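Reader: Hello! I am new to this structure and would love a close look at a single part. Could you pick one strand region, start from one residue in it, and work outwards from there?

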Amino acid sequence: QVQLVESGGRLVQAGGSLRLSCAASGRTFSSRRMGWFRQAPGKEREFVARIHWNGGSTYYANSVAGRFTISGDNAKSTVYLQMNSLKPEDTAVYYCAVDIDLPGTWDYWGQGTQVTVSS
């Protein structure tokens, strides 16, 4: 089993910054990639960013590219999401996930951390 715990979410004013953290524990040594997703009220969960441990490639949703940065430490099984120039539309519960079993599948998810951006 793998456990993921997110932290760092809080209320912030538009234009501000936040850094989210996600710590994985358990059977993490074979993790291929980790990612961040978010779900706003009344909307479906959407992809935000991901990092591939083999090579360190990163990918972003168009809506956050240039404002958010994903980074991490595979040895520590930790991933971060630096969020700058936050907008009210970034308000959501942010989840981290890990691809470790079935390739290309997000096998485990955290419980989420609430990010609220006030205008």
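**From one serine outwards**

Author: Serine 21 is buried, because its relative accessible area is 19%, and buried means under 20% (exposed is over 50% and partly exposed lies in between, with a 1.4 Å probe and protein chains only). Before we go on, please note that this is a predicted model, in which local features need pLDDT of at least 70 and side-chain atom pairs count only at pLDDT 80 or more, while totals for chains, interfaces and linings use all residues. Residues are numbered from 1 along each chain as its sequence is written, and side-chain values use heavy atoms, with hydrogens and water left out.

Serine 21 sits in strand β3, residues 18-26; a strand here is a DSSP run of E with at least two residues, numbered from the N terminus. What does serine 21 touch, leaving aside neighbours within four places in sequence? The contacts are Val5, Glu6, Ser7, Trp36, Val79 and Tyr80, where contact means heavy atoms within 4.5 Å.

Now let us step back to the sheet. β3 belongs to an open sheet of four strands, ordered β1-β3-β8-β7 and paired antiparallel. Its edges are β1 (2-7) and β7 (68-73), each of which pairs on one side only. Two strands count as paired if DSSP finds at least two bridges between them. On average, neighbouring strands of this sheet are turned by 15° against each other, direction ignored; the angle is taken between axes, lines fitted to C-alpha atoms, and runs from 0 to 180 degrees between N-to-C directions. In a regular strand, side chains alternate between the two faces of the sheet.

Follow the sheet to β7 and you meet β8 (residues 78-83), joined to β7 by six bridges and running antiparallel to it. One of the bridge partners here is glutamine 82 in β8, which faces threonine 69.

Glutamine 82 is worth a pause. With a relative accessibility of 26%, glutamine 82 counts as partly exposed. Beyond the residues up to four places away in sequence, glutamine 82 touches Ser17, Leu18, Arg19, Arg67, Phe68 and Thr69. Serine 17 is 65 residues away from glutamine 82 along the chain, yet their C-alpha atoms are separated by 7.4 Å. The side chain of glutamine 82 also makes a polar contact of 2.9 Å with that of asparagine 84; such a contact is a pair of N or O atoms within 3.5 Å, in which, within protein, one must be able to donate a hydrogen and the other to accept it, and residues adjacent in sequence count only if both atoms are side-chain atoms.

A little further along comes serine 85, in the loop between β8 and β9. Its phi is near 50°, a positive value in a residue other than glycine. Serine 85 is partly exposed, at 41% relative accessible area.

Past that loop lies β9 (residues 92-99), which is largely enclosed by the rest of the structure because seven of its eight residues are buried. β9 pairs antiparallel with β4 (residues 33-39) over seven bridges, and methionine 34 has valine 98 of β9 as its bridge partner. Three bridges also join β9 to β11 (residues 113-118), again antiparallel, with alanine 92 opposite valine 115 of β11. With β10 (residues 108-109), β9 forms two antiparallel bridges, and alanine 97 stands opposite tryptophan 109 there.

What links these strands on the inside? The largest nonpolar core has 30 residues, of which Leu4, Trp36, Leu81, Met83 and Tyr94 touch the most other members. A nonpolar core is a set of buried Ala, Val, Leu, Ile, Met, Phe, Trp, Tyr and Cys residues joined through side-chain atoms within 4.5 Å. At least two residues of this core come from each of β1, β3, β4, β5 (46-52), β7, β8, β9 and β11. Leucine 81 has contacts, not counting residues up to four places away in sequence, that include Leu20, Trp36, Val48, Ile70 and Tyr94. Trp36, which we met beside serine 21, is thus a good place to end the tour.
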